[in-house]
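Please find below my notes on the model, set out as numbered points. They deal with the ligand site and then with the aromatic residues.

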Amino acid sequence: MSDDSRPSRTAAVIPAAGRGVRLGPGAPKALRALNGTPMLIHAVRALAASRAVSLVVVVAPPDGAAEVKSLLDAYALPERTDFLVVPGGQSRQESVKLGLDALPPGYDIVLVHDAARPLVPVDTVDAVIEAVRAGAPAVVPALPLADTVKEVEPAETPGAPEPVVATPARARLRAVQTPQGFDREILLRAHETVTDNVTDDASMVEQLGEQVVVVPGHEEAFKVTRPLDLVLAEAVLARRRLTDGF
Ligand code: C5P
């Protein structure tokens, strides 16, 4: 898989087309501000902070590509990184596929990163790229779980008691984050082959029978999903401003 004589070029696809209904009413999630800057811009900067990433493809809300293009023009982004914006689809999977379809040739490593994880540290991005370069077909950053997890029989009425079916051993479970990194050819094959509805790209590669490996994730790579996550994200940014002046 890896060929040390050939420099590998890395592109990142950022799906940002979700409405973010769990955050409450308002603009599409990725366009909401964190300390005055849209979440998407934080996410784009987080990926472009890696010197290995030379192209970022942003997958915009289906009717929001022009707005996202002007946002990228309005905020300072690294000169050495190229940017593309494409309209997204109805599901995350469809949005990622549309981003992959827009990738020019010449990139052999592809990262897929949720716009909803705006604060991922560059060291996590680099660790994922490094593991793909070292030969893994698919790499996911992940953390051990704090909570015990139960599998249940989902209730038909929301809020009704749900019977527990199983308690998987917590020590063997990991909570998976993004960016997930891939050998480009394998990720394209996964998106062409797997039609089940999935919640991450690595599980599509698992379905191909290819090895997916986990590297350590980071607590600041959490997904902004609910209103409390916005408070946490702004607190992390405030702490970074104090400690790094950034
Ligand atoms: O909904 P969820 O939080 O799992 O979304 C994860 C990421 O996928 C978000 O960055 C969201 O903008 C993106 N997404 C997308 N297209 C959709 C649905 C979600 O790009 N149709």
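1. The model is predicted. An oxygen atom of the ligand lies 2.9 Å from a polar backbone atom of Ala-17. Taken alone, the ligand exposes 460 Å², and the protein buries 83% of that.

2. Two further polar contacts involve oxygen atoms of the ligand. Pro-15 places a backbone N or O atom 2.8 Å from an oxygen atom of the ligand. Lys-29 contributes through its side chain, with a polar atom 3.5 Å from an oxygen atom of the ligand.

3. Where does the ligand sit? It occupies the largest pocket. The ligand is surrounded by 15 residues, and the closest are Pro-15, Ala-17, Gly-18, Gly-89 and Ser-95. By class, the shell around the ligand divides into 5 nonpolar, 5 polar and 5 charged residues.

4. On the aromatic side, how many aromatic pairs does a search of the whole structure find? The search returns 0. A charge does sit over a ring, however: Arg-9 lies over the face of Tyr-107, at 4.4 Å from the ring centre.

Terms used. Residues are numbered from 1 along each chain as its sequence is written. This is a predicted model: local features need pLDDT of at least 70, side-chain atom pairs count only at pLDDT 80 or more; totals for chains, interfaces and linings use all residues. Side-chain values use heavy atoms; hydrogens and water are left out. Rings of Phe, Tyr and Trp (its six-membered ring) pair if their centres lie within 6.5 Å; planes under 30 degrees apart count as stacked, over 60 as edge-to-face and the rest as tilted. A charge sits over a ring if NZ of Lys or CZ of Arg is within 6 Å of the ring centre and within 35 degrees of the ring normal. A residue is near a molecule or strand if one of its heavy atoms lies within 4 Å of it. A polar contact is a pair of N or O atoms within 3.5 Å; within protein, one must be able to donate a hydrogen and the other to accept it, and residues adjacent in sequence count only if both atoms are side-chain atoms. Accessible areas come from the Shrake-Rupley method with a 1.4 Å probe; for residues, only the protein chains shown count as cover. On a 1 Å grid over the protein atoms alone, a cavity is a set of points where a 1.4 Å probe fits but cannot get out, and a pocket is an open set with protein on both sides within 12 Å along at least five of seven lines; lining residues have an atom within 4 Å of a point. A molecule sits in a cavity or pocket if more than half of its atoms lie within 2 Å of its grid points. Ala, Val, Leu, Ile, Met, Phe, Trp, Tyr, Cys and Pro count as nonpolar, Asp, Glu, Lys and Arg as charged, and the others, Gly among them, as polar.
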